[in-house]
Structure formats: C-alpha cells, structure tokens
Amino acid sequence: AQIGLGLFDGFLWRPHTVIERLRGEVPERRVGTYLSAIRRGDREGALAAWPLGAQALDELRERRVRITNELLTTGPSLRYEVVDIEWWRNCCEPGPISDPASAGVARMRVSLYAAPDETVSYYTFDVTTIGPYWGAAGGDPVRHWALRDVYPEGDRPLAFPWQASETSTPSPPE
C-alpha cells in the first residue's frame with residue numbers, strides 16, 4: 001500500500017510520471033547513483049554517473065573531476081538529504097515552474113553529512129532531461145534524466161546556466 005501511495009502523491013497523477021516512478025527514472029535516483037559511488041570510493045563509477053557531452057565547457061569538465069575528488073575524501077560515512085527541488089522548464093524559454101510533471105530540470109539542494117564531525121555541506125545538483133522537454137505540449141512523454149552539474153552552495157551553475165532572479169526571469173551568467 002505504501003508503494004502505491006508514493007506513486008500517486010501530489011503531482012504524480014499524470015501517466016508519464018507514474019511510469020517514470022515505476023522505472024526509477026527520477027532525478028533523485030541520479031543524485032543517489034552518484035553519491036553511492038562516492039560512498040564506495042568508486043571514482044570511475046561517480047564520473048560515469050555524471051556524464052558530460054562532447055560540447056561540455058572545459059570549466060565544467062574541471063569541476064566534475066575536482067568535486068568528485070573532494071567528495072571522495074568523505075568516505076563511506078557520507079550521508080545526504082535532498083533539502084529542496086526547484087523545477088524548471090528547459091525548452092523555449094528556460095525558467096522556474098511550479099509543475100514538476102512538466103519540468104525538464106530539477107535543481108536540487110542537497111545537504112551532505114560526513115563523519116566523524118558530521119559537518120554539513122550544501123551542494124546543488126542539476127539534473128536535466130536528456131534533451132529539451134516539452135511537457136504537456138509534447139504529449140508528456142516519459143522523461144529520461146541525467147546528472148549534469150554538481151556545485152557547492154554559492155557557486156554558479158555551468159551545465160544549465162540560467163539562474164532564478166527576483167522576478168523569476170532566467171538570465172545566463174556573465
């Protein structure tokens with residue numbers, strides 16, 4: 001009964017989101033796959049869980065290696081919690097949206113805890129659909145997600161560079 005309730009909570013009444021949940025094709029899973037590899041000390045597995053396209057910026061390539069190496073120092077005691085998810089559309093005019101079922105980007109704020117001192121660090125994980133997602137305009141096809149960027153709180157995104165402003169109008173970084 002609990003599994004069924006998880007499939008149909010809140011926004012998940014649309015058929016494509018139910019299929020995604022059943023398949024485990026959700027942004028949270030991409031974060032979990034990456035951090036599980038980190039916890040195991042599997043550098044190559046972590047890098048594979050954060051794929052980069054051929055067109056990736058050198059700065060993003062460097063960040064991917066640096067962040068992965070930094071997080072590997074936490075070891076098997078690493079724990080995490082998704083604190084917040086900001087949903088975005090990634091077609092036409094990227095920007096924040098309120099309907100997760102129509103989102104093509106999940107900008108996830110994640111707290112990381114590592115023993116022995118249990119220091120909390122906050123990171124943002126940008127998980128996007130593979131390609132633009134048209135939401136209801138495209139017939140709500142089942143989405144496929146990929147981890148695109150991981151960065152400490154306060155750093156700017158590189159893979160999906162739009163940031164929310166006070167007016168919620170997206171603007172790329174300078």
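1. The secondary structure of this chain comes to five helices and five strands. Along the sequence the elements follow the pattern α-α-α-α-α-β-β-β-β-β. The model is a predicted one, and the points below should be read with that in mind.

2. On the chain as a whole: of its 174 residues, 41% are buried. Among contacts with a separation of 6 or more, 58% are between residues 24 or more positions apart. The chain exposes about 9,300 Å², and carbon and sulfur atoms supply 54% of that area.

3. The five strands form an open sheet, in the order β2-β1-β3-β4-β5, with antiparallel pairing. At the edges stand β2 (95-96) and β5; each has a single partner strand, so one side of each is left without a neighbour in the sheet. Within the sheet, β3 and β4 run antiparallel and are joined by ten bridges. One position to look at there is Y113, which stands opposite V120 in β4.

4. Helix α3 covers residues 27-40. Its 14 residues should span 20 Å at 1.5 Å a residue, and the end C-alpha atoms are 21 Å apart, which agrees. Just after α3, G41 has a positive phi of about 75°.

5. Which residues of α3 are buried? They are P27, R30, V31, G32, Y34, L35, A37 and I38. An α-helix has 3.6 residues a turn, so residues three or four places apart point the same way. The cover over the buried residues of α3 includes helices α4 (43-49) and α5 (58-72). It also includes the strands β1 (79-89), β3 (105-114), β4 (119-129) and β5 (145-152).

6. The structure holds four aromatic pairs. In one of them, W87 and W145 have ring centres 6.5 Å apart and planes at 65°, so the pair is edge-to-face. W87 lies in strand β1 and W145 in strand β5, so the pair ties together parts 58 residues apart in sequence. Both residues count as buried: W87 has a relative accessible area of 14%, and W145 has a relative accessibility of 3%.

7. W88 and F160 make another edge-to-face pair, because their ring planes stand at 85°, with the centres 5.4 Å apart. Here W88 is in strand β1 and F160 in the segment after β5, so the pair ties together parts that are 72 residues apart in sequence. W88 is buried, with a relative accessible area of 0%. F160 counts as buried too, at 6% relative accessibility.

8. Y34, W50 and F125 form one aromatic cluster. Of these, Y34 is also listed among the buried residues of α3, and β4 (119-129) is among the elements that cover those residues.

9. Two arginines lie over tyrosine rings. R79 is over the face of Y113, at 5.2 Å from the ring centre. The charged end of R109 sits over the ring of Y122, 4.1 Å from its centre. Y113 thus comes up twice in this note, as the ring under R79 and as the residue opposite V120 in β4.

10. For a check on screen, three places may be useful. One is the end of α3, where G41 takes its positive phi. Another is the pair of W87 and W145, with planes at 65°. The last is the sheet order, β2-β1-β3-β4-β5.

Terms used
Residues are numbered from 1 along each chain as its sequence is written. This is a predicted model: local features need pLDDT of at least 70, side-chain atom pairs count only at pLDDT 80 or more; totals for chains, interfaces and linings use all residues. Side-chain values use heavy atoms; hydrogens and water are left out. Helices (H or I, at least four residues) and strands (E, at least two) are DSSP runs, numbered from the N terminus. The expected span of a helix is 1.5 Å times one less than its number of residues. Buried means under 20% relative accessible area, exposed over 50%, partly exposed in between (1.4 Å probe, protein chains only). Contact means heavy atoms within 4.5 Å. Accessible areas come from the Shrake-Rupley method with a 1.4 Å probe; for residues, only the protein chains shown count as cover. Rings of Phe, Tyr and Trp (its six-membered ring) pair if their centres lie within 6.5 Å; planes under 30 degrees apart count as stacked, over 60 as edge-to-face and the rest as tilted. A charge sits over a ring if NZ of Lys or CZ of Arg is within 6 Å of the ring centre and within 35 degrees of the ring normal. Two strands pair if DSSP finds at least two bridges between them.
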